[in-house]
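Good morning. Please have the sequence and the model open while I talk.

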2 protein chains.
Amino acid sequence: MALCLAVMPGAAGAQQADDLNRIIDEGFNRSEVMQTAEHLTDGIGGRMTNSPQMRAAEEWTAGQFRAWGLANVHKEGFNFGRGWWVRSAHAQMVSPRPIALTSIPVAWTPATNGVVSAPVIVAPMMKERDFDAWRGKLGGKIVLISMPGDGSEPGEPAFKRLTSEDIAKRDKFTPPDWDPAEVEKRLANSGFARKLDAFLKAEGAVAWARISQRDGKLLHGTGNRFRVGDEALLPGVEIAAEDYRRLARLAKVGPAPVLEIASDVVFDDSDHNAYNIVAEIPGTDPKAGYVMAGAHLDSWAAGDGASDNAAGSSMIMEAARILSKLGIKPKRTIRFALWAGEEQGLLGSMAWVDAHLAKRALAPGAGAEGSMEQTQRYRYRFPILPQPGYGDLKAYFNIDNGSGRLRGIHAEGNVAAVPLLKEWLTPFASLGANSVAAQSTGSTDHVYIQAVGAPGFQFIQDPLDYGSRVHHTSIDTFDHLKAEDMRQGAVVLAGMLFQSANSAKTLPRKPLPTQPAPTDPFEYEDPSEN
Amino acid sequence: MALCLAVMPGAAGAQQADDLNRIIDEGFNRSEVMQTAEHLTDGIGGRMTNSPQMRAAEEWTAGQFRAWGLANVHKEGFNFGRGWWVRSAHAQMVSPRPIALTSIPVAWTPATNGVVSAPVIVAPMMKERDFDAWRGKLGGKIVLISMPGDGSEPGEPAFKRLTSEDIAKRDKFTPPDWDPAEVEKRLANSGFARKLDAFLKAEGAVAWARISQRDGKLLHGTGNRFRVGDEALLPGVEIAAEDYRRLARLAKVGPAPVLEIASDVVFDDSDHNAYNIVAEIPGTDPKAGYVMAGAHLDSWAAGDGASDNAAGSSMIMEAARILSKLGIKPKRTIRFALWAGEEQGLLGSMAWVDAHLAKRALAPGAGAEGSMEQTQRYRYRFPILPQPGYGDLKAYFNIDNGSGRLRGIHAEGNVAAVPLLKEWLTPFASLGANSVAAQSTGSTDHVYIQAVGAPGFQFIQDPLDYGSRVHHTSIDTFDHLKAEDMRQGAVVLAGMLFQSANSAKTLPRKPLPTQPAPTDPFEYEDPSEN
């Protein structure tokens, strides 16, 4: 307590410190964070954007915000694409011997319309030039398009917590990585999956199968043909690595295995808009701007989207519940966002940035190109055109790294913000959340908030088994969430929101980003690479 | 070479050293060990004792031995029980929302005869006294009999090789653990599963489900009601931990989930005998006895029985192939055994001991009690009655710890054998197999050979991911076998057989075991434990 008083002296400071302890009391003694997570996962299940499950989650979360007394609860729609879900699916090898295959339809690929029975052909293709070798050989086949590879040898523990040394390594300024040429190099082969799909269709293949990217019978089922007008042509399935490799070996030593595949999937074109869910605790000073926390509500559907990201969504919602229940009247408005379309390229938060912060030369949702490509290109479309309210966002906190406890926060290269972030974390040092690491992080919804110069931050979290086995997989289920960690996360988040909403000081901002000069103007490209 | 010559001087020694190099040449340059393993796993699949797959494996392995020129290739039958296999199976939750459940029928439980549809009830029962709480509540239900527990937190690497320190820890004499009272204590609850099955049947339950012992969607399906006259009454399924826990949580917060289960399993009563496969390279000296290597050919059927134990079987077969191909004429006969019924209690090797080495007060296969119990009690049924040929077995080498390379051998408490075992391993030091560890090991087919006083040994192997994820699971497949390790294993085994078959010295034996005195005659049992 003495420490808090030292940081926030005076009568207002004492009240603030009391409120922090009330937050901790509510968040640890009367927590509802796991009930929230349980409903999102067990009750609703995997929430692919625009699927019936995501629609249910939109309604339920908005209803919870309202029930908890949040203000201005609403949905913000943006153009996304088709809804898609799996009614039922199965795959089996029927010869040379019967084996049930562990498999899942690839997202947004079409239904098989009953059982497809066909021999496999192992035809791994990585580049367009690989097509020639297989032309004329794929008709009537289920094409195994991946290299089978070898069994993994996991030499690191699957479940980990961060040591102080691990965290210290992240306290390293990341130079801006803006370089369109590098991005274009990475994207050079990005349209290949579409070309392959078209090639397979033209050759008369009946379906394709890929190997799971993790072994141990885990599945993912991720796919990206959700745009209207970009429909996939052939049914695709992901097969567990052990099963896929067995098929490939059998095909090599004997007659091609025959598979039966049935993919009863459903497209929903009733509404191509996806929706972010937004709720607020209104601030007492209309000119003080707002602070915000967000997590994506959408997920993949091999599991129940628990660690990715019912965990973060539930911590956001729980922070909202705690602050609302305590009757906190912050100076600044506290806004909560549950994003959609994150898994397809941070599309929900990108649309929100476009609507509320700044526009870019390339609008979200525009263009015939696939969304992942667009997302990657979005960062270097200049100029950035600030919109009314650009400066009002004083802090954005994102949670999207599973259910591990918060160990601190990434300053995301905004090193001038480090002292204030540290100050706000000070009360939570004994809860394990005491580090500010300079490093920039990617792949989630603070990225495009940061990218237009607004102060957006991703927390540091204990990784647990997020990367090793649950992220996007069939075991992303409630039982792999850690309740104690999530209670801590909601409390720390509520505390950060509370302090940033009331602080006399606001976080330093980065300058409005403008088109940078090339990193190395004297570099020549090696022509042999093209 | 200098080293080998130093160990085995003289003309015969030089020939022997040449032969060791020929074994290495054949085993590394023209290895067939992986082809053998591939046929057993991919080609035949899981080989539960007395299943059609095991019958196919019996025929195929005997045929391979014959094709490689082995002598006296034959099957040795012993009383086992019913064959059982899964034609097809599935389970799904149909309400409150549709989810395919990752599941497998429990071995030797009856078919559902079509689709069983029923609500679940979570009724974990561990002891007979738990029955009262559930009496009258189970009719028409699928009974979830396990505690759901929590998600695992695997803090150790799944894949490991042994360090010198790991091996050094095993070099510790294990005092004999003979203590009937301890065994009976362990077995006190061993008949419970039968009683539970009968209770559930009497209560009108339609099926039962248990949780997988590992999470991460791995399955096992192990069961033990294979004896004629000991038939299970109700269909049982094992459900992946993530799916089981979700069912239990949903049942707690809302209406009981309804499942559909279909178990199309087949019993085969055409032959209740199981068969060990035996083959030989005849010795030149009929009075010199024989040496032997063995591994169990049977497996569970969730996967293809690769690491457990197509790996060991293939190394045994490859050693036979190498020695036969090289035209080795050993002084002692070299015998190869592929055991059946190991997974149900070392039954094949136990039957072989009974037929060829020594009989006990309790014969294998006798008694109405379950086999696992019998197996555990077998060791303390005295007296041991040596049979003709008891002293002829000069060395038995067992492989049953996955596909990891051989790092040496366990002396199994026979410390007098350490020097000679070390001598025989000396040529293989640079292949990584140079350690002799005094420790006794259990749970596989050398146990009952050791237990009657014959010199039986289990190799030390790198564990890889055997214990962590492949042992008995749905990912016990060929792709998790390590080819380089298995080639090394076959070579080292062939070398050990070759040397022990030709050595002027034979391994020291333990005395014929007689009934030991109680470990601590002054110990009183705590009456409160009963």
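All of the interface residues of chain A, 100%, are also interface residues in chain B, so the copies meet through the same surface. Contact here means that the C-beta atoms of two residues, placed from the backbone, lie within 7 Å.

A word on the source: this is a predicted model, in which local features need pLDDT of at least 70, side-chain atom pairs count only at pLDDT 80 or more, and totals for chains, interfaces and linings use all residues. Residues are numbered from 1 along each chain as its sequence is written, while chains are lettered from A and ligands numbered from 1 in the order in which they are written.

How many residues does each chain give to the contact? Chain A gives 30 residues and chain B gives 30 residues. On the side of chain A that touches chain B, α3 (33-44) and α9 (241-253) each supply at least two residues. The largest share, five residues, comes from α9(A). Helices (H or I, at least four residues) and strands (E, at least two) are DSSP runs, numbered from the N terminus. By class, this side of chain A has nine nonpolar, eight polar and 13 charged residues. Nonpolar covers Ala, Val, Leu, Ile, Met, Phe, Trp, Tyr, Cys and Pro; charged covers Asp, Glu, Lys and Arg; the others, Gly among them, are polar.

Next, the symmetry. A turn of 180 degrees and a shift of 0.0 Å along the axis lay chain A on chain B with an RMSD of 0.0 Å. The two copies are thus related as by a two-fold rotation axis. Within chain A, Pro157(A) has the C-alpha nearest the axis, 2.0 Å from it. The superposition is by least squares on the C-alpha atoms of residues with pLDDT of at least 70 in both copies.

Now one strand inside chain A. Six of the six residues of β18 (residues 456-461) of chain A are buried, so this strand is largely enclosed by the rest of the structure. Buried means that 20 or more other C-beta atoms lie within 10 Å of the residue's own, with C-beta atoms placed from the backbone. Strand β15 (residues 393-398) of chain A pairs with β18(A) in the parallel sense over three bridges; pairing requires at least two bridges found by DSSP. There, Phe397(A) has Phe457(A) as its bridge partner. Strand β16 (residues 406-410) of chain A runs antiparallel to β18(A), joined by three bridges, and Gly408(A) stands opposite Ile460(A).

Last, confidence. The model scores ipTM 0.93 and pTM 0.94.

Note on methods. Buried ≥ 20, exposed ≤ 12 C-beta atoms within 10 Å, placed from the backbone.
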